[in-house]
Amino acid sequence: VTAASELDRRVRLHIYEQFLEDGRPPTAAETGSALGLSNDEAVRSYHRLADRRVIVLEPGTVDIWMANPLSARPTPFRAEVGARWWYGTCIWDALGILAMVRVDGTVRTACPDCDEPLVLTVSNSDIGGDPGVAHFAVPAARWWDDIGYT
Amino acid sequence: MLFFRSEEHVVRWSRAQAVPSGAVLTRDQIWQLASAWYGDRMEPGWRRRSPAEAQRLFADLDLTGPFWQLSP
């Protein structure tokens with residue numbers, strides 16, 4: 001384990017913990033300050049994590065767009081736990097937020113065809129709520145060609 | 001990946017939007033995939049799956065065939 005990979009491990013965990021806590025991802029400066037790193041070290045770590053597709057940065061910036069399953073941009077996929085909520089990047093990810101935090105919750109979205117609101121519930125690791133199906137338009141080999149669209 | 005009321009709504013929407021028909025998963029399948037893929041994400045030692053590991057995870061959920069092949 002190299003020093004950089006150990007640092008990236010701490011940075012990654014901090015990003016996820018703060019994203020869940022604050023409802024938005026921490027900036028590199030905030031992460032650096034929290035972990036006792038220089039701003040440069042934090043920025044380099046964000047770029048390494050993005051290069052390894054652990055996070056996705058807003059194009060041309062060091063701001064986090066996605067720390068999958070969490071999305072900093074609003075999406076039509078909202079995961080709720082009690083009074084707290086986060087946006088998932090897609091239906092897979094919105095459900096993934098509940099799987100990741102391992103607590104009961106709800107995912108709200110709407111049918112893209114008819115706009116009817118759809119509510120999925122997760123309780124004791126079981127899925128319930130409105131019936132429906134998930135649609136994958138892009139084959140797995142091409143998911144990262146345009147991750148925003150996927 | 002979007003969530004529709006039913007497969008009929010997927011078909012109508014895909015035609016209207018000229019989107020490929022792709023793959024359709026049941027509600028249970030997408031939840032199983034989300035659980036398997038993201039269940040360990042908050043573990044401190046988490047690392048990104050290799051393509052082979054991801055392919056095995058798909059296969060364990062019966063997500064097989066060309067659509068789910070990670071290597072072209």
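This briefing describes the strand pairing, the interface and the salt bridges of a two-chain predicted model. Chains are lettered from A and ligands numbered from 1 in the order in which they are written, and residues are numbered from 1 along each chain as its sequence is written. In this predicted model, local features need pLDDT of at least 70 and side-chain atom pairs count only at pLDDT 80 or more, whereas totals for chains, interfaces and linings use all residues; side-chain values use heavy atoms, with hydrogens and water left out.

**Sheet shared by the chains**

- An open sheet of three strands has the order β1(B)-β9(A)-β2(B), with antiparallel pairing; helices (H or I, at least four residues) and strands (E, at least two) are DSSP runs numbered from the N terminus, and two strands pair if DSSP finds at least two bridges between them.
- The edge strands are β1 (2-4) and β2 (23-26) of chain B, each of which pairs on one side only.
- From one strand to the next, the twist averages 35° (axes are lines fitted to C-alpha atoms, for helices over the stretch in contact, and angles run from 0 to 180 degrees between N-to-C directions).
- Strand β9 of chain A, residues 133-136, pairs with β1(B) in the antiparallel sense over three bridges.
- Within this pairing, A:Val133 has B:Phe4 as its bridge partner, and A:Ala134 stands opposite B:Phe3.
- Helix α1 of chain B (residues 7-17) lies across β9 of chain A together with β1 and β2 of chain B, and runs at about 30° to β9(A).
- Helix α2 of chain B (residues 27-38) lies across these strands as well, running at about 90° to β2(B).

**Interface of chain B and chain A**

- Contact (heavy atoms within 4.5 Å) involves 45 residues of chain B and 53 residues of chain A.
- The buried area, meaning the accessible area (1.4 Å probe) that two parts lose on being put together, summed over both, is about 4400 Å², and carbon and sulfur atoms give 66% of it.
- In chain B, the residues that lose the most area to chain A are B:Met1, B:Phe3 and B:Trp31, together 23% of what that side buries.
- The rule finds 22 residue pairs in polar contact across the interface, both residues being at pLDDT 80 or more; a polar contact is a pair of N or O atoms within 3.5 Å, where within protein one must be able to donate a hydrogen and the other to accept it, and residues adjacent in sequence count only if both atoms are side-chain atoms.
- On the side of chain B that touches chain A, β1, α1, β2 and α2 of chain B each give two or more residues, and α2(B) gives the most, with nine residues.

**Salt bridges**

- Over all chains the count comes to twelve salt bridges (a side-chain nitrogen of Lys or Arg within 4 Å of a carboxyl oxygen of Asp or Glu), and the count between chain B and chain A is three.
- B:Arg12 forms a salt bridge with A:Asp113, with the closest N and O atoms 2.7 Å apart.
- A:Arg9 forms a salt bridge with A:Glu6, the closest N and O atoms being 2.8 Å apart.
- A:Arg9 and A:Glu6 are separated by about one helical turn, because they are three residues apart in helix α1 (residues 3-22) of chain A.

**Hairpin in chain A**

- Strands β7 (residues 117-123) and β8 (residues 126-129) of chain A pair in the antiparallel sense over four bridges.
- A:Leu120 has A:Gly129 in β8(A) as its bridge partner.
- The hairpin has two residues between the strands, and A:Asn124 takes a positive phi near 50°.
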